[in-house]
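Please look through the following structure with an eye to how its chains meet, and then follow one element from that meeting place inward.

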Amino acid sequence: MKIRTDFVTNSSSTSFVIIATCEFTEDRFLELVGVSAQSPLKPLFAVLYHSLKQNMCPAKDYARDYYHDVTQDWITALRSQFAEEVINRITKAEREGHKVYLGKLSSEENCIESFFCVDSFEIENENIYLNALDCAW
Amino acid sequence: MYIREISTSKLFAVFDRRYTQDEFRAACQVVPGSYADFFVLEMHRCLFDHARDIRAEYKKYYAIEYPTISDFLFWKYGIDKETAQQIASKLTKSTFVGYSRDTMRIFDDETVKSVLKEILSALGEFFDENSD
């Protein structure tokens with residue numbers, strides 16, 4: 001048995017989905033979130049971009065890593081985690097040859113990643129779709 | 001500018017004045033209606049809109065009870081004496097001291113502080129080279 005007497009908190013990690021018709025670059029990400037080249041917020045959203053970039057991996061690899069005992073096809077495995085609409089988007093993107101990435105943000109890394117980890121949002125433009133609705137905070 | 005997040009739910013911020021949402025948004029130069037714009041509104045809400053003006057509160061209700069604003073911060077808000085004195089030392093005639101219990105928990109981050117400094121510099125906030 002362990003007894004902890006000081007401040008106790010819980011950590012969290014939340015999943016995200018990125019679908020891109022092109023390479024997922026910092027400039028394209030900043031355009032997606034609405035940060036102009038002159039905006040003072042650029043460094044802050046650059047931190048988020050690097051967190052996403054560092055934690056994302058191709059959907060197929062994510063599914064196989066996350067569901068260690070995938071005996072069915074990987075899309076089916078993802079159904080337990082994502083809404084049907086998201087699965088449909090992933091399936092369609094795979095069929096059309098677009099890039100599909102999945103990953104997790106953590107509340108333990110830095111303040112900026114922690115904030116976006118516990119925020120729930122979905123944004124898209126003609127090049128990129130970012131879904132961070134799966135917030136389990 | 002002085003910002004201090006104490007515990008997970010107390011934020012104290014000292015600014016030259018209470019900036020309006022319109023001027024704050026304009027200084028951020030993000031696309032209106034975008035996710036970054038939503039984030040900017042959250043920051044503004046946290047620092048200004050939802051923040052209680054505790055300097056005004058002190059003057060109106062507590063100046064007789066507590067001889068100094070640092071005593072007031074110590075006894076009424078439970079801030080340690082050192083932080084209370086730091087806040088008090090930042091006060092000038094026109095200073096806004098905001099207190100929020102709905103903090104975004106990002107304001108201790110150095111990148112966020114530097115971003116905020118750039119936004120507020122564009123709005124005329126004075127930054128003392130020796131201030132933290």
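Contact, as the word is used for packing here, means that heavy atoms lie within 4.5 Å. The model is a predicted one, and in it the contact between the two chains draws 21 residues from chain A and 22 residues from chain B. About 1800 Å² is buried between chain A and chain B, with carbon and sulfur atoms giving 73% of that area. On the side of chain A, the trio A:Pro40, A:Leu41 and A:Phe115 supplies 32% of the area that chain A buries against chain B, more than any other three residues.

As for charged and polar pairings, the rule finds zero salt bridges across the interface of chain A and chain B, whereas six residue pairs are found in polar contact there, both residues being at pLDDT 80 or more. Helix H2 (42-55), helix H6 (111-118) and strand S4 (121-124) of chain A each supply at least two residues of the side that touches chain B, and the residues of that side divide into 16 nonpolar, four polar and one charged.

Of these elements, H6(A) can be followed further. Six of its eight residues are buried, so that H6(A) is mostly covered, the buried ones being A:Ile112, A:Glu113, A:Ser114, A:Phe115, A:Phe116 and A:Cys117. Within chain A these buried residues pack against strand S1 (13-20), H2, strand S3 (99-106) and S4, and in chain B they pack against helix H2 (35-49) and helix H6 (110-122). The N-terminal end of H6(A) is capped by A:Asn110, a side-chain oxygen of which lies 3.1 Å from the backbone nitrogen of A:Ile112.

Note on methods:
Residues numbered from 1 in each chain as written. Chains lettered and ligands numbered in written order. Predicted model: local features only at pLDDT ≥ 70, side-chain atom pairs only at ≥ 80, totals over all residues. Heavy atoms only, no water. Buried area = accessible area lost by both parts, 1.4 Å probe. Salt bridge = Lys/Arg side-chain N within 4 Å of Asp/Glu carboxyl O. Polar contact = N/O pair within 3.5 Å; in protein donor to acceptor, adjacent residues only side chain to side chain. Helix = DSSP H or I, 4+ residues; strand = E, 2+ residues; numbered from the N terminus. Nonpolar A, V, L, I, M, F, W, Y, C, P; charged D, E, K, R; others polar. Buried < 20%, exposed > 50% of the residue type's maximum accessible area, 1.4 Å probe, protein only.
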